[in-house]
Amino acid sequence: MTHGSLLLIDDETRLRQLTARVLELEGYTIMQAATAAEGLTRLREHAADLDVVLSDVKLPDGHGVMLLPRYQQAAPGVEIILLTAYGTVPDSVAAMKAGAFDYLTKGDSDDQLLVVVSRAVEKARLRRRVAELEARAGAHLGGGFAGLIGTAPALAQAKSLAARVAPTDSTVLLTGETGSGKELFAQAIHQDSARRGRTFVAVNCSAFPKDLLESELFGYRKGAFTGALADKKGLFDEAHGGTLFLDEVGELAPDAQAKLLRVLETQTFTRLGDTKPTRVDVRLVAATNRDLKAEADAGRFRPDLYYRLAVFVVTVPPLRARLADVPALAQHFLTVFAAKLKKRLPGLTPDCLARLARYPWPGNVRELKNVLERAAILALDGQPLAPDDLPVEFQTDPAAPAAHLLQPVGLDPALDRTLRAVEARHIRQVLTALHGNKTEAARQLGIGLTTLYRKVQEYGLDG
């Protein structure tokens, strides 16, 4: 019986074959590739069967850290271990921040490699189990929009609008706060369209440096710039025939905005370093937590692109506008995390549900999911979730968290009960708890780092 399926990408033939032999002797099934392009092809073909990718950092047609998003896009459930001949702390930090499972120096220790691979395989398979459970839950609810949990009028209205536009090829702009579920709406639109059997590609525009995002979206030709050692397909190519979801589209740089406008107008784009346009068939769904109309009026976003994106606008409601859905969402997340943690968690006590239902949820559904994951870890096996399993802000009277969050934050007193005040307060609390670590704060808040910097400046939270 094999322990797992691995893809080993390394251009050093002898070392690659030796590493493959070591892993095969431990019962792993190994596929090999000598270049990033070959590795990506194999990864796409066998994404459902692979558990782990081991990739050399310095490949003839790409750098391992820069290739991470492409590996993750090709096979989201696969764990990635980077291998290098000369490990450095900065490279290791960059790799881990980009989502690598680990970063190892080649030839150091076979025992260390085997331990790390074993842990990576276990994590990949656990993630796959959780995904299967979530898929079953969605299928039980009917899939598509029926899989979006909740019956509150605000959610029902958004689902009805999105369901009407889904069968068309029209561009959709999803607006709403961070964490409210815009990507789930985008997936539902794709699933209820004629493109459901084709690729759904999602990219967070704030997760890439501005000078890298354009090449990720549109690709480039070999020699387009220093380090472009081979042709590279962009995400528009990957989404051909399917749907491309651009989250936080308001973070696009001006040059990328101009190219995106051209794609929407002509269904063509030109790769960096290319001389002729590439035709593509892609349905675009975009999302933003900003007021793009105001951004366009202020000259910070192209007005012509805004009107192209806003052909059909759907506003995803914040969780505080549908608090009646909190019990159903909480039970769903609890079921998922109980399976993930291999615990028996029969439900939530009435007091626990009351506290969750009265909280304003500035981080929306994503925050609720994080709270339930933490609570599931702390809860006793076989016991329902109790208030003691919840974070500290839920330990007082159920109404207290809202009052706590609405304390003055240095803004005009007339604004203290606005969303602006709540958001500023929440960001300040997270930054304070993390001693100003903005990278970790952005991760915990569920927003891009550039978005966090903009909000810190907007709310005057640097002081």
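Helices here are DSSP runs of H or I with at least four residues, numbered from the N terminus. Keep in mind that this is a predicted model.

**Exercise 1. Place His190 in the fold and work out what surrounds it.**

Step 1: find the element. His190 sits in helix H7, which spans residues 182-191.

Step 2: decide whether His190 is buried or exposed. The cut-off for buried is under 20% relative accessible area. His190 comes out at 2%, so it is buried.

Step 3: look for polar partners. The His190 side chain makes a polar contact of 2.7 Å with the side chain of Thr243. It also reaches the backbone oxygen of Arg198, at 3.1 Å.

Step 4: list the neighbours. Skipping residues up to four places away in sequence, His190 touches Arg195, Arg196, Arg198, Thr199, Phe200 and Thr243.

Step 5: zoom out to the helix. H7 lies across strands S8, S9, S10 and S13, and its direction makes about 155 degrees with S8. Thr243, the side-chain partner from step 3, belongs to S10, which covers 243-247.

**Exercise 2. Lay out the sheet under H7 and pick its edge strands.**

Step 1: write down the order. Five strands form an open sheet, S9-S10-S13-S8-S14, and the pairing is parallel.

Step 2: read off the ends. S9 (200-204) and S14 (312-315) are the edges; each has a single partner strand, so one side of each has no neighbour in the sheet.

Step 3: check the twist. On average, neighbouring strands here are turned by 20 degrees against each other, ignoring direction.

Step 4: zoom in on one pair. S8 (residues 172-175) and S14 run parallel and are joined by four bridges. Within this pair, Thr175 stands opposite Thr315.

**Exercise 3. Do the same for the sheet that contains S1, and add its helices.**

Step 1: get the order. This open sheet has five strands with parallel pairing, in the order S2-S1-S3-S6-S7.

Step 2: name the edges. S2 (28-33) and S7 (102-105) each pair on one side only.

Step 3: note the twist. The average turn between neighbouring strands is 20 degrees, direction ignored.

Step 4: take the pair S6 and S7. Four bridges link S6 (residues 79-84) to S7, and the two run parallel. Thr84 is found opposite Thr105 of S7.

Step 5: add the helices. H3 packs on the sheet by touching S1, S3 and S6, with a direction at about 160 degrees to that of S6. H2 (residues 36-45) lies across S1 (4-9), S2 and S3 (52-56), and runs at about 135 degrees to S2.

**Exercise 4. Describe the setting of Tyr71.**

Step 1: locate it. Tyr71 is part of helix H3, residues 64-74.

Step 2: check accessibility. With a relative accessible area of 0%, Tyr71 is buried.

Step 3: collect contacts. Leaving out neighbours within four places in sequence, Tyr71 is in contact with Ile9, Ala36, Leu40, Leu43, Ser55, Leu59 and Ile80.

Step 4: compare sequence and space. Gly39 is 32 residues from Tyr71 in sequence, while their C-alpha atoms are 8.8 Å apart.

**Exercise 5. Sort the faces of helix H14.**

Step 1: pick out the buried residues. In H14 (residues 350-358) these are Cys352, Arg355 and Leu356.

Step 2: ask where they point. They cover an arc of only 100 degrees around the axis, so they lie on the same side of H14. The helix geometry helps here: with 3.6 residues a turn in an α-helix, residues three or four places apart point the same way.

Step 3: find what covers that side. The buried residues of H14 pack against H13 (326-341) and H15 (364-378).

Step 4: turn the helix over. Exposed Pro350 and Arg358 sit on the face turned away from the buried side.

**Exercise 6. Examine two residues with an unusual sign of phi.**

Step 1: recall the background. Most residues other than glycine have a negative phi.

Step 2: take Glu248. Its phi is near 50 degrees, a positive value in a non-glycine residue. Glu248 lies in the loop between S10 and H10 (254-266), and at 6% relative accessible area it is buried.

Step 3: take Gln267. Its phi is also positive, about 60 degrees, although Gln267 is not a glycine. Gln267 lies in the loop between H10 and S11 (268-269), and its relative accessibility of 23% makes it partly exposed.

Technical notes. Residues numbered from 1 in each chain as written. Predicted model: local features only at pLDDT ≥ 70, side-chain atom pairs only at ≥ 80, totals over all residues. Heavy atoms only, no water. Pairing = 2+ DSSP bridges. Axes fitted to C-alpha atoms, helices over the stretch in contact; angles between N-to-C directions. Contact = heavy atoms within 4.5 Å. Buried < 20%, exposed > 50% of the residue type's maximum accessible area, 1.4 Å probe, protein only. Arc of directions from axis to C-beta. Polar contact = N/O pair within 3.5 Å; in protein donor to acceptor, adjacent residues only side chain to side chain.
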